[in-house]
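Student: Could you take me slowly through one part of this protein, the nonpolar core and the pieces around it? I would like to see how that part fits into the whole chain.

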Amino acid sequence: MTVCSDVVARLTGRAVSGERPLSGALTEVTLDDGRVVVVKDSAEPGAARAEAAGLRWLAAVGSVRLPGVHGHEEGRLVIDRVVQGRPGREAAVRFGRDLAALHAAGAPAFGAPPPGGPVDAYIGLAPMRNEQGTDWPHWYAEQRVLPYLRRTVDRGTVLPGEAAVVERLCERLPSLAGPAEPPARLHGDLWSGNVLWADDGQVWLIDPAAHGGHRETDLAMLRLFGCPHLERVLDGYQEVAPLADGWAGRVGVHQLFPLLVHAVLFGRGYAEQALAVARSALEG
(Lines give C-alpha, C1' and ligand atoms only; values in the text may rest on other atoms or scores of the structure.)
Protein backbone atom coordinates (compact mmCIF):
# COMPACT_ATOMS: atom_id res chain seq x y z
CA MET A 1 0.00 0.00 0.00
CA THR A 2 1.35 3.44 -0.93
CA VAL A 3 1.47 6.31 1.55
CA CYS A 4 -1.40 7.92 -0.38
CA SER A 5 -3.55 4.78 -0.13
CA ASP A 6 -2.68 4.37 3.53
CA VAL A 7 -3.90 7.92 4.28
CA VAL A 8 -7.11 7.33 2.30
CA ALA A 9 -7.81 4.07 4.13
CA ARG A 10 -7.41 5.75 7.51
CA LEU A 11 -9.56 8.77 6.66
CA THR A 12 -12.36 6.90 4.86
CA GLY A 13 -12.37 3.69 6.90
CA ARG A 14 -12.34 1.70 3.67
CA ALA A 15 -9.78 -0.44 1.92
CA VAL A 16 -8.29 0.87 -1.32
CA SER A 17 -8.69 -1.10 -4.53
CA GLY A 18 -6.73 1.15 -6.89
CA GLU A 19 -5.25 4.56 -7.55
CA ARG A 20 -4.53 6.67 -10.61
CA PRO A 21 -2.36 9.83 -10.72
CA LEU A 22 -4.17 12.81 -12.24
CA SER A 23 -1.31 15.31 -11.91
CA GLY A 24 1.69 15.93 -9.74
CA ALA A 25 -0.56 16.99 -6.85
CA LEU A 26 -3.76 15.01 -7.49
CA THR A 27 -4.45 11.28 -7.26
CA GLU A 28 -7.74 9.51 -7.89
CA VAL A 29 -8.27 6.61 -5.48
CA THR A 30 -10.95 3.91 -5.77
CA LEU A 31 -12.31 2.42 -2.56
CA ASP A 32 -13.35 -1.21 -2.11
CA ASP A 33 -17.03 -0.21 -2.19
CA GLY A 34 -16.64 1.40 -5.62
CA ARG A 35 -16.61 5.02 -4.50
CA VAL A 36 -13.87 7.26 -5.84
CA VAL A 37 -12.06 9.97 -3.90
CA VAL A 38 -9.40 12.49 -4.84
CA VAL A 39 -6.24 13.07 -2.83
CA LYS A 40 -4.65 16.50 -3.07
CA ASP A 41 -1.02 16.85 -1.96
CA SER A 42 0.32 20.16 -0.68
CA ALA A 43 3.78 21.05 0.55
CA GLU A 44 2.64 24.36 2.06
CA PRO A 45 2.20 24.16 5.85
CA GLY A 46 -1.47 24.35 6.83
CA ALA A 47 -2.79 24.34 3.25
CA ALA A 48 -4.71 21.05 3.57
CA ARG A 49 -6.24 22.19 6.86
CA ALA A 50 -7.25 25.54 5.38
CA GLU A 51 -8.86 23.98 2.32
CA ALA A 52 -10.73 21.37 4.37
CA ALA A 53 -12.09 24.05 6.69
CA GLY A 54 -13.12 26.19 3.73
CA LEU A 55 -14.94 23.35 1.98
CA ARG A 56 -16.86 22.49 5.14
CA TRP A 57 -17.75 26.12 5.89
CA LEU A 58 -19.10 26.70 2.41
CA ALA A 59 -20.93 23.36 2.29
CA ALA A 60 -22.62 24.07 5.62
CA VAL A 61 -24.84 26.65 3.88
CA GLY A 62 -26.44 23.91 1.79
CA SER A 63 -26.63 25.96 -1.41
CA VAL A 64 -23.64 25.63 -3.73
CA ARG A 65 -22.42 22.05 -4.03
CA LEU A 66 -18.94 21.15 -2.79
CA PRO A 67 -17.22 17.76 -2.57
CA GLY A 68 -17.44 16.00 0.76
CA VAL A 69 -14.32 16.14 2.92
CA HIS A 70 -13.04 12.89 4.42
CA GLY A 71 -10.20 14.58 6.26
CA HIS A 72 -6.57 15.59 5.97
CA GLU A 73 -3.21 14.54 7.35
CA GLU A 74 0.46 14.62 6.34
CA GLY A 75 -0.21 17.43 3.86
CA ARG A 76 -2.87 15.39 2.05
CA LEU A 77 -6.54 16.33 1.68
CA VAL A 78 -9.05 13.60 0.80
CA ILE A 79 -12.33 14.64 -0.83
CA ASP A 80 -15.05 13.04 -2.93
CA ARG A 81 -14.58 13.01 -6.69
CA VAL A 82 -16.88 15.14 -8.85
CA VAL A 83 -17.69 13.57 -12.23
CA GLN A 84 -17.56 16.33 -14.80
CA GLY A 85 -20.16 17.05 -17.46
CA ARG A 86 -20.80 20.00 -19.78
CA PRO A 87 -21.81 23.60 -19.02
CA GLY A 88 -25.52 24.32 -19.37
CA ARG A 89 -27.69 27.43 -19.29
CA GLU A 90 -30.13 26.09 -16.69
CA ALA A 91 -27.29 24.94 -14.47
CA ALA A 92 -25.76 28.42 -14.78
CA VAL A 93 -28.92 30.12 -13.51
CA ARG A 94 -29.18 27.66 -10.59
CA PHE A 95 -25.54 28.28 -9.78
CA GLY A 96 -26.14 32.03 -9.69
CA ARG A 97 -29.02 31.61 -7.26
CA ASP A 98 -27.01 29.20 -5.10
CA LEU A 99 -23.98 31.51 -5.07
CA ALA A 100 -26.19 34.38 -3.90
CA ALA A 101 -27.43 32.21 -1.03
CA LEU A 102 -23.87 31.24 -0.13
CA HIS A 103 -22.79 34.88 0.04
CA ALA A 104 -25.86 35.79 2.08
CA ALA A 105 -24.89 33.25 4.75
CA GLY A 106 -22.30 35.80 5.79
CA ALA A 107 -19.15 35.80 7.88
CA PRO A 108 -18.20 37.24 11.27
CA ALA A 109 -15.93 39.87 9.71
CA PHE A 110 -14.03 40.78 6.58
CA GLY A 111 -11.05 38.44 6.52
CA ALA A 112 -12.61 35.97 8.95
CA PRO A 113 -11.27 32.46 8.30
CA PRO A 114 -13.59 29.45 8.27
CA PRO A 115 -14.14 27.80 11.67
CA GLY A 116 -11.11 25.63 12.33
CA GLY A 117 -9.18 27.24 9.52
CA PRO A 118 -5.80 28.91 10.05
CA VAL A 119 -5.18 32.63 9.89
CA ASP A 120 -2.24 31.89 7.60
CA ALA A 121 -4.00 30.34 4.60
CA TYR A 122 -3.49 30.30 0.84
CA ILE A 123 -5.01 31.44 -2.42
CA GLY A 124 -3.72 28.92 -4.93
CA LEU A 125 -0.01 28.64 -4.18
CA ALA A 126 0.27 32.13 -2.68
CA PRO A 127 0.08 32.75 1.08
CA MET A 128 -3.04 34.65 2.15
CA ARG A 129 -3.37 35.96 5.68
CA ASN A 130 -6.86 36.18 7.18
CA GLU A 131 -6.58 39.16 9.48
CA GLN A 132 -10.02 40.48 10.33
CA GLY A 133 -11.45 43.96 9.79
CA THR A 134 -14.80 45.71 10.02
CA ASP A 135 -14.43 48.26 7.22
CA TRP A 136 -14.17 46.71 3.75
CA PRO A 137 -12.25 49.44 1.87
CA HIS A 138 -9.50 49.66 4.47
CA TRP A 139 -9.37 45.90 5.03
CA TYR A 140 -9.23 45.20 1.28
CA ALA A 141 -6.38 47.67 0.83
CA GLU A 142 -4.33 46.58 3.84
CA GLN A 143 -4.93 42.82 3.76
CA ARG A 144 -5.53 41.99 0.12
CA VAL A 145 -4.07 44.56 -2.28
CA LEU A 146 -1.01 46.15 -0.68
CA PRO A 147 0.71 42.98 0.62
CA TYR A 148 0.85 41.55 -2.90
CA LEU A 149 1.78 44.89 -4.44
CA ARG A 150 4.77 45.06 -2.07
CA ARG A 151 5.87 41.58 -3.13
CA THR A 152 5.73 42.51 -6.80
CA VAL A 153 7.86 45.59 -6.11
CA ASP A 154 10.34 43.60 -4.02
CA ARG A 155 10.75 41.14 -6.88
CA GLY A 156 11.08 43.87 -9.51
CA THR A 157 7.87 42.78 -11.27
CA VAL A 158 6.39 46.25 -10.66
CA LEU A 159 8.51 49.38 -10.51
CA PRO A 160 8.08 51.68 -7.49
CA GLY A 161 6.81 54.46 -9.73
CA GLU A 162 4.23 52.15 -11.25
CA ALA A 163 3.08 50.98 -7.83
CA ALA A 164 1.95 54.53 -7.03
CA VAL A 165 -1.19 54.10 -9.16
CA VAL A 166 -2.30 51.14 -7.05
CA GLU A 167 -1.49 53.01 -3.87
CA ARG A 168 -3.63 55.94 -5.05
CA LEU A 169 -6.50 53.58 -5.75
CA CYS A 170 -6.21 52.19 -2.22
CA GLU A 171 -6.38 55.71 -0.81
CA ARG A 172 -9.57 56.33 -2.81
CA LEU A 173 -11.24 53.00 -2.04
CA PRO A 174 -13.73 54.48 0.45
CA SER A 175 -15.23 56.54 -2.39
CA LEU A 176 -14.90 53.80 -5.03
CA ALA A 177 -16.26 50.85 -3.07
CA GLY A 178 -19.97 51.55 -3.45
CA PRO A 179 -22.55 51.14 -0.69
CA ALA A 180 -21.38 49.41 2.47
CA GLU A 181 -22.34 45.74 2.68
CA PRO A 182 -21.95 43.13 5.42
CA PRO A 183 -19.23 40.49 5.09
CA ALA A 184 -20.19 37.74 2.65
CA ARG A 185 -19.14 34.10 2.83
CA LEU A 186 -16.75 33.92 -0.12
CA HIS A 187 -15.28 31.03 -2.04
CA GLY A 188 -12.34 33.38 -2.46
CA ASP A 189 -10.66 31.85 -5.53
CA LEU A 190 -13.61 31.67 -7.89
CA TRP A 191 -11.94 31.41 -11.27
CA SER A 192 -13.39 29.11 -13.92
CA GLY A 193 -10.98 26.27 -13.13
CA ASN A 194 -12.56 25.93 -9.71
CA VAL A 195 -16.09 25.81 -11.16
CA LEU A 196 -16.97 22.24 -12.16
CA TRP A 197 -19.94 21.59 -14.41
CA ALA A 198 -20.86 18.10 -13.24
CA ASP A 199 -22.66 15.29 -15.02
CA ASP A 200 -25.51 15.59 -12.50
CA GLY A 201 -26.49 18.91 -14.11
CA GLN A 202 -25.22 20.97 -11.18
CA VAL A 203 -22.28 23.28 -10.64
CA TRP A 204 -19.77 22.22 -7.98
CA LEU A 205 -16.96 24.32 -6.50
CA ILE A 206 -13.49 23.16 -5.50
CA ASP A 207 -10.22 24.64 -4.17
CA PRO A 208 -11.61 27.50 -2.08
CA ALA A 209 -9.63 30.25 -0.39
CA ALA A 210 -12.67 30.85 1.80
CA HIS A 211 -12.98 33.90 4.01
CA GLY A 212 -15.30 36.78 4.83
CA GLY A 213 -15.21 39.40 2.08
CA HIS A 214 -17.22 41.47 -0.38
CA ARG A 215 -19.54 39.43 -2.58
CA GLU A 216 -18.57 41.41 -5.68
CA THR A 217 -15.03 39.97 -5.39
CA ASP A 218 -16.20 36.43 -6.17
CA LEU A 219 -18.24 37.69 -9.12
CA ALA A 220 -15.35 39.79 -10.45
CA MET A 221 -13.06 36.76 -10.42
CA LEU A 222 -15.60 34.75 -12.41
CA ARG A 223 -15.44 37.45 -15.08
CA LEU A 224 -11.67 37.89 -14.93
CA PHE A 225 -10.79 34.40 -16.14
CA GLY A 226 -14.00 33.60 -17.97
CA CYS A 227 -16.94 31.46 -16.94
CA PRO A 228 -19.32 29.63 -19.29
CA HIS A 229 -22.76 31.23 -19.39
CA LEU A 230 -21.61 34.00 -17.04
CA GLU A 231 -24.49 36.31 -17.93
CA ARG A 232 -26.92 33.53 -17.01
CA VAL A 233 -25.09 33.04 -13.72
CA LEU A 234 -25.48 36.75 -13.01
CA ASP A 235 -29.16 36.63 -13.95
CA GLY A 236 -29.75 33.90 -11.38
CA TYR A 237 -27.71 35.76 -8.79
CA GLN A 238 -29.64 38.99 -9.22
CA GLU A 239 -32.97 37.16 -8.92
CA VAL A 240 -32.02 36.27 -5.35
CA ALA A 241 -29.76 39.14 -4.27
CA PRO A 242 -29.67 42.17 -6.57
CA LEU A 243 -26.28 43.84 -6.73
CA ALA A 244 -25.85 47.44 -5.65
CA ASP A 245 -26.05 50.17 -8.27
CA GLY A 246 -22.78 50.67 -10.09
CA TRP A 247 -21.46 47.17 -9.45
CA ALA A 248 -20.35 46.71 -13.06
CA GLY A 249 -18.09 49.74 -12.77
CA ARG A 250 -16.43 48.27 -9.70
CA VAL A 251 -15.39 44.98 -11.32
CA GLY A 252 -11.82 46.18 -11.87
CA VAL A 253 -11.45 47.23 -8.23
CA HIS A 254 -12.32 43.69 -7.14
CA GLN A 255 -10.13 42.10 -9.82
CA LEU A 256 -7.08 43.94 -8.54
CA PHE A 257 -6.49 41.42 -5.74
CA PRO A 258 -6.43 38.25 -7.87
CA LEU A 259 -4.41 40.01 -10.57
CA LEU A 260 -1.73 40.96 -8.05
CA VAL A 261 -1.72 37.43 -6.65
CA HIS A 262 -1.11 36.16 -10.18
CA ALA A 263 1.58 38.79 -10.69
CA VAL A 264 3.36 37.41 -7.62
CA LEU A 265 3.07 33.85 -8.89
CA PHE A 266 3.43 34.29 -12.65
CA GLY A 267 5.05 37.60 -13.39
CA ARG A 268 4.87 40.76 -15.42
CA GLY A 269 1.90 40.07 -17.69
CA TYR A 270 -0.50 39.98 -14.76
CA ALA A 271 1.21 43.00 -13.20
CA GLU A 272 0.46 45.00 -16.33
CA GLN A 273 -3.20 43.93 -16.15
CA ALA A 274 -3.34 45.00 -12.49
CA LEU A 275 -1.89 48.40 -13.29
CA ALA A 276 -4.35 48.82 -16.16
CA VAL A 277 -7.42 48.08 -14.04
CA ALA A 278 -6.14 50.42 -11.31
CA ARG A 279 -5.72 53.25 -13.83
CA SER A 280 -9.15 52.57 -15.29
CA ALA A 281 -10.81 52.60 -11.87
CA LEU A 282 -9.17 55.92 -10.99
CA GLU A 283 -10.22 57.46 -14.31
CA GLY A 284 -13.77 56.09 -14.15
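Tutor: What follows begins with the whole chain and then turns to the core, one strand residue, one helix and two loops.

This is a predicted model, in which local features need pLDDT of at least 70 and side-chain atom pairs count only at pLDDT 80 or more, while totals for chains, interfaces and linings use all residues. Residues are numbered from 1 along each chain as its sequence is written, and side-chain values use heavy atoms, with hydrogens and water left out.

The protein chain has nine helices and eleven strands, where helices (H or I, at least four residues) and strands (E, at least two) are DSSP runs numbered from the N terminus. Its radius of gyration is 19 Å, which agrees with the value near 19 Å for a compact globule of 284 residues; the radius is taken over C-alpha atoms, and the globule rule is 2.2 Å times the number of residues to the power 0.38. Along the principal axes, the C-alpha atoms fill a box of roughly 60 × 45 × 30 Å. Of the 284 residues, 53% are buried, where buried means under 20% relative accessible area, exposed over 50%, and partly exposed in between (1.4 Å probe, protein chains only). Contact means heavy atoms within 4.5 Å, and among contacts between residues at least 6 apart in sequence, 66% join residues at least 24 apart.

Now to the core itself. A nonpolar core is a set of buried Ala, Val, Leu, Ile, Met, Phe, Trp, Tyr and Cys residues joined through side-chain atoms within 4.5 Å. The largest one holds 39 residues, of which Ile123, Tyr140, Tyr148, Val166 and Leu256 touch the most other members. At least two residues of this core come from each of β7 (126-129), α4 (136-154), α5 (160-176), α6, α8 (251-266) and α9 (268-283). There is also a second, separate core of 33 residues, which includes Val69, Leu219, Leu222 and Tyr237. In soluble globular proteins, nonpolar side chains tend to be buried together.

Tyr148 shows how such a residue is surrounded: not counting residues up to four places away in sequence, its contacts include Ile123, Met128, Phe257 and Leu260. Met128 lies in strand β7 and counts as buried because its relative accessibility is 1%. Leaving aside neighbours within four places in sequence, Met128 is in contact with Tyr148, Ile123, Arg144 and His211, among others. Between the C-alpha atoms of Met128 and Ala263 there are 14 Å in space, although the two are 135 residues apart in sequence.

Helix α6 is largely enclosed by the rest of the structure, because nine of its ten residues are buried. Among these buried residues are Arg215, Glu216 and Asp218, as well as Leu219 and Leu222. Just after α6, Gly226 takes a positive phi of about 85°. His229, in the loop between α6 (215-224) and α7 (230-240), has a positive phi of about 55° although it is not a glycine, and at 29% relative accessibility His229 counts as partly exposed.

A similar look at another loop leads to Glu74, found between β4 (69-73) and β5 (76-80). Glu74 has a positive phi near 50° and is a residue other than glycine; because its relative accessibility is 53%, Glu74 counts as exposed.
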